[in-house]
Amino acid sequence: MEQQTTTLRRSFRTSLQLGIYKVIDPFVKILIKIGLTPNAVTTIGFVLNVGVAGIFILGAEEGNRGDLSYVGWAGGLILFAGLFDMLDGQVARLGNMKSTFGALYDSVLDRYSELIMFLGICYYLVAHHYFLSSIAAFIALIGSMMVSYVRARAEGLGVEIKGGLMQRPERVVTIGLCAALSGIIAQYIGGNYKLFIPGIKFHVFETISIFTIPLVILAVLTNITAFNRLREAKKALIKLEEEEGK
């Protein structure tokens, strides 16, 4: 049953990716025509993520606790930068420019991009005294890195491990979309909106929760994904050792 669920999830994810590729392929062809290489596209994505961190840091230094416009703009840029994560692979495939170093360069800059993005998020949350949310963001960062590390280490040992609820595209979309939504909704209900329930002394929801609650969910699911990949790797490695021993 578990294997069937995993297969269905991967099939859905693959179908979704193919649909997205059909939409972005015309843009990919334009990038190829103007001479952009896959590594150049990867670098642009990295620079944009540096910009994301810059917006969060600027929001921490220049904004106030109830001003979520910086969070909203950072969310929009996260989604735009995430687009380049898909574009570089398609530029390599359609432009017949695949290379082993290109794959390594893409993976390394993806890790740097995510680390820098979380740096900005944690800086912003700490600066505005969202201490518990900053811890959740840091735990989400740990989980995100371990999801990638377990796969890379397993591949180094000869087994391929993929899948899970919170791979990089899902993480980028979740963080970017929720950050953008918090900035947009703050324009209507206010950045300092708080929801109280009678009998409870503290508020159970505030505007920035639109951004921070998903960070808590990420903190949980990324680490679960990393653990599940480790478990899959264990099974695959045991099977590989048994085959080699025959």
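This passage describes helices, salt bridges and cysteines in one structure. The model is predicted.

Helix H4 covers residues 100-127. The helix holds 28 residues. At 1.5 Å a residue, a span of 40 Å is expected. The C-alpha atoms at the two ends lie 41 Å apart, so the distance agrees with the expected span. Many positions in H4 can be named as buried. Among them are Gly 102, Leu 109, Asp 110 and Ser 113. Glu 114, Met 117, Phe 118 and Gly 120 are also buried. Further along H4, Ile 121, Cys 122, Tyr 124 and Leu 125 are buried too. After H4 comes His 129. The phi angle of His 129 is positive, near 65 degrees.

Leu 125 also takes part in a contact with another helix. Its partner is Thr 212, a residue of helix H7 (residues 209-245). Thr 212 touches Ser 133 as well, when neighbours within four places in sequence are set aside. The relative accessibility of Thr 212 is 7%, so this residue counts as buried.

Charged side chains were examined next. Side chains of opposite charge can pair when their charged atoms come close. Five salt bridges were found in a search of the whole structure. One of them joins the side chains of Arg 168 and Asp 85, with an N to O distance of 2.8 Å. Arg 168 belongs to helix H6 (residues 168-189), and Asp 85 belongs to helix H3 (residues 69-94). The two residues are 83 apart in sequence, so the pair ties together separate parts of the chain. Their accessibilities fall in separate classes. Arg 168 has a relative accessible area of 12% and is therefore buried, under the 20% cut-off. Asp 85 reaches 23% and therefore counts as partly exposed.

A second salt bridge connects the side chains of Arg 171 and Glu 114. Here the N to O distance is 2.6 Å. This pair also links distant parts of the chain. Arg 171 sits in helix H6 and Glu 114 in helix H4, 57 residues apart. Both Arg 171 and Glu 114 are buried.

These residues belong to a network of salt bridges. The network links Asp 85, Asp 110, Glu 114, Arg 168 and Arg 171. Two of its members, Asp 110 and Glu 114, are among the buried residues of H4.

Another salt bridge lies within a single helix. Arg 151 pairs with Glu 155, and their closest N and O atoms are 3.2 Å apart. Both residues lie in helix H5 (residues 131-156). They are four residues apart, about one turn of the helix. Arg 151 has a relative accessible area of 28%, so this residue is partly exposed. Glu 155, at 38% relative accessibility, is partly exposed as well.

Cysteines were considered last. The search of the whole structure found zero disulfides. A disulfide would require two cysteine sulfur atoms within 2.5 Å. For Cys 122, the closest cysteine sulfur is that of Cys 178, and the distance is 16 Å. This is too far for a bond. Cys 178 is likewise in no disulfide, its nearest cysteine sulfur being that of Cys 122. Cys 122 has 15% relative accessibility and so counts as buried. Cys 178 counts as buried too, at 16%.

Definitions and conventions
Residues numbered from 1 in each chain as written. Predicted model: local features only at pLDDT ≥ 70, side-chain atom pairs only at ≥ 80, totals over all residues. Heavy atoms only, no water. Buried < 20%, exposed > 50% of the residue type's maximum accessible area, 1.4 Å probe, protein only. Contact = heavy atoms within 4.5 Å. Expected span 1.5 Å × (residues − 1). Salt bridge = Lys/Arg side-chain N within 4 Å of Asp/Glu carboxyl O.
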